[in-house]
Amino acid sequence: MRILLLTHSFNSLTQRLYAELAGDGHELSVEFDIADSVAEEAVAAFRPDVVLAPFLKRAVPESIWARRLTLIVHPGIVGDRGPSALDWAITDGASDWGVTVLQAEAEMDAGPVWASERFAMRAATKASLYRTEVTAAALVAVRRALERVPAWRRGEWAPTPLAALLQRPGSFGPPGCLRPLMKQVDRAIDWRRDDTAAVLRRIRAADGFPGVADMLFGEPCHLFDAHAGRRPAGAEDAAPGEVLARRDGALLRATVDGALWIGHVKRGGTHPFKLPATQAFAAEAARLPEWPVTLMRGRGQGKADECDESGACDEWGELAYRESDDAAVGFLSFDFYNGAMSTAQCERLSAAIGFARSRPTRVLVLEGGRDFWSNGIHLNTIEAAPSPADESWANINAMNDVCLALLTLTDRITVAALAGNAGAGGCFLALAADHVWAASGVILNPHYKNMGNLYGSEYWSYLLPRRVGVDAGRRIMGNRLPLLARQAAAAGLIDEAFGADPAGFAAEVARRAAALAAAPDLAACIAAKAARRAADEAEKPLAAYRAEELARMQRNFYGFDPSYHVARFHFVLKSPHSWTPRHLARHRDLDWNRPRVAAPETRVETA
Ligand code: COA
């Protein structure tokens, strides 16, 4: 089928649907929902069988849904309506939730139901649930809905009107209802009453957007990225709401029954975007005690952020290291908010790799974070710096140092295990490991060009051709589209994609890493790796690749073409789109529907 994705932005859910549905053989194009007339124009040009709306902030115009089958993906259970579906589900403590695919009609989210899918809720942020459970359920429900289209066209199947479904809820579980937009008054924290679990729930329900409006150091701000914590010795009597310490860019705040870490805040003024809390309140944070945490710690030997709703948890920190029972495999997790890696975070990660290097393991697994493995340099901290060009330079160098630490770890096998998505420099950082494994649902964006034609570094000019060859490497860098993990594996960009869910992926990673460590030819593998690195170094030193890439990056940062700075500004400030990029809006290419003739060199000859 020809499917037009009409969407507010090319967000993670839209990227996944795009890549999966294209893989199913559908013909796809994308139009951002900028104005009715633009969407109408796209429909007229593409003549889709289905308009699919995975992420909209307003209603589809009647001029479209009255003429073309238009399916809306709603991140809520059957009967749920309104713009704050997940926010209410988290706030209400729902034990399970779902996704519904409805046909667009005049009343928003009230059209007949084509398909729905439920999932168990997890104690996590709205954005994390959206990227994982909602995305997986949406894919199932959308595929089911699309399968029904031919029968619907033949008049052999009809979607069920919402009212009819609500009368017999047994078929899909307890139904939802119309809920209003969740306002800040619904989200407000009462620090004198709300316990840690309640505050966590409020912040998670508003994370990544819009955050919870609150006060810190007497200044208004929005809170994000909260993790249960505990009070340090001597702070037993601190009043709820009081700020006690800092760690990894986060501020520790007392609650009625303990404390929690606030990792990111958004203040108004000159930097109206999310920043690490200690950067947004730099002067105030500098007066607080730094409360470091050891890398190897706690229950489960420090798997980051295993705090549960009751507040019982391992000590939170962005980085955590643990080892398998036989100490053969080390696991380093770096759960950086949104996968963005600032200069300071890169430096901490390099130090952590240094620590891992000092351990007598044979395999080191780099786990990244749960939602993102890495998205490269931290564009928000760069935007907030006095000189964004200087900070970009410092950040990319710190990022390159992380890559270098991995590339020169030649006394053991390294594995990048991507449980979450990776983009731009984060993708190439993963390629610095010997093995790159990704969970099946992971999306990779192995290109830099979308950020103002950034050239990119992270030793990609060494790593990419080494894996896929020069020509394929060039194609991958020029292709601005997301890749599914299995497509990346087929292209040789990564080694393998497996695991149906995050727990399954983690278990399989542990199993495979243990097998690598126990392999009879392990010593030979490590020796071969070291020999290859030495040979590569003799042919062309890593420093030369780095210098060449950085020479181009220097032009991006300091040259007279400001494209990177402009693109970063709009990305960080979330400026509304004014057009759909050409590589997504295929229907805007003049020859988009001309039959393609295979080039002679790619034509397959048959006997
Ligand atoms: N720096 C700072 N913030 C970043 C970031 C980065 N490098 N990459 C992603 N984010 C933030 C986004 O601003 C967004 O913030 P929000 O929580 O306020 O909404 C959040 O992470 C999720 O990103 P989003 O774009 O919604 O995720 P996605 O899965 O839809 O898209 C990418 C993933 C990687 C395609 C996209 O985030 C991107 O292009 N990031 C920039 C990558 C880059 O150019 N890095 C610098 C060059 S190395």
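## Exercises on strands and rings

Six bridges join strand E1 to strand E2 (residues 27–32), and the two run parallel. Keep in mind while working that this is a predicted model.

**Exercise 1.** Work out which residue of E2 stands opposite Leu 4, and which handedness the β-α-β crossover from E1 to E2 has.

*Solution.* Start with the pairing: Leu 4 has Ser 29 of E2 across from it. Next, follow the chain as it leaves E1, passes through helix H1 (residues 12–23) and arrives at E2. That β-α-β crossover is right-handed.

**Exercise 2.** Find the bridge partner of Leu 4 in E3, then decide whether E1 is largely enclosed or not.

*Solution.* Look at E3 (residues 50–53): three bridges join E1 to this strand, and they run parallel. Here Leu 4 has Val 51 as its bridge partner. Now check burial, where the cut-off is under 20% relative accessible area. Five of the six residues of E1 (residues 2–7) are buried, so the strand is largely enclosed by the rest of the structure.

**Exercise 3.** Take the open sheet E16-E18-E20-E21 and say which strands stand at the edges.

*Solution.* First, read off the order: four strands, E16-E18-E20-E21, with mixed pairing. Strand E16 (372–374) and strand E21 (483–484) each have a single partner strand, so they stand at the edges and one side of each is left without a neighbour in the sheet. Zoom in on E16: two bridges join it to strand E18 (residues 421–423), and these strands run parallel. Within E18, Asn 421 is the bridge partner of Phe 372.

**Exercise 4.** Classify the ring pair Phe 217 and Phe 281 as stacked, tilted or edge-to-face, and say which parts it ties together.

*Solution.* The count of aromatic pairs comes to 15. For Phe 217 and Phe 281, the ring centres are 5.3 Å apart and the planes meet at 50°, so the pair is tilted. Then locate the two: Phe 217 is in the loop between strand E7 (212–216) and strand E8 (219–229), while Phe 281 is in the loop between helix H9 (277–280) and helix H10 (282–286), so the pair ties together parts 64 residues apart in sequence. Finally, compare burial: Phe 217 is partly exposed, at a relative accessible area of 33%, whereas Phe 281 is buried, at 0%.

**Exercise 5.** Identify the rings that the charged ends of Arg 247 and Lys 540 sit over.

*Solution.* Arg 247 has its charged end over the ring of Trp 291, 5.0 Å from the centre. For Lys 540, the ring belongs to Tyr 545, and the distance to its centre is 4.3 Å.

Methods. Residues are numbered from 1 along each chain as its sequence is written. This is a predicted model: local features need pLDDT of at least 70, side-chain atom pairs count only at pLDDT 80 or more; totals for chains, interfaces and linings use all residues. Side-chain values use heavy atoms; hydrogens and water are left out. Rings of Phe, Tyr and Trp (its six-membered ring) pair if their centres lie within 6.5 Å; planes under 30 degrees apart count as stacked, over 60 as edge-to-face and the rest as tilted. Buried means under 20% relative accessible area, exposed over 50%, partly exposed in between (1.4 Å probe, protein chains only). A charge sits over a ring if NZ of Lys or CZ of Arg is within 6 Å of the ring centre and within 35 degrees of the ring normal. Two strands pair if DSSP finds at least two bridges between them. A crossover is right-handed if, with the strands pointing away from the viewer, the path from the first strand over the helix to the second runs clockwise.
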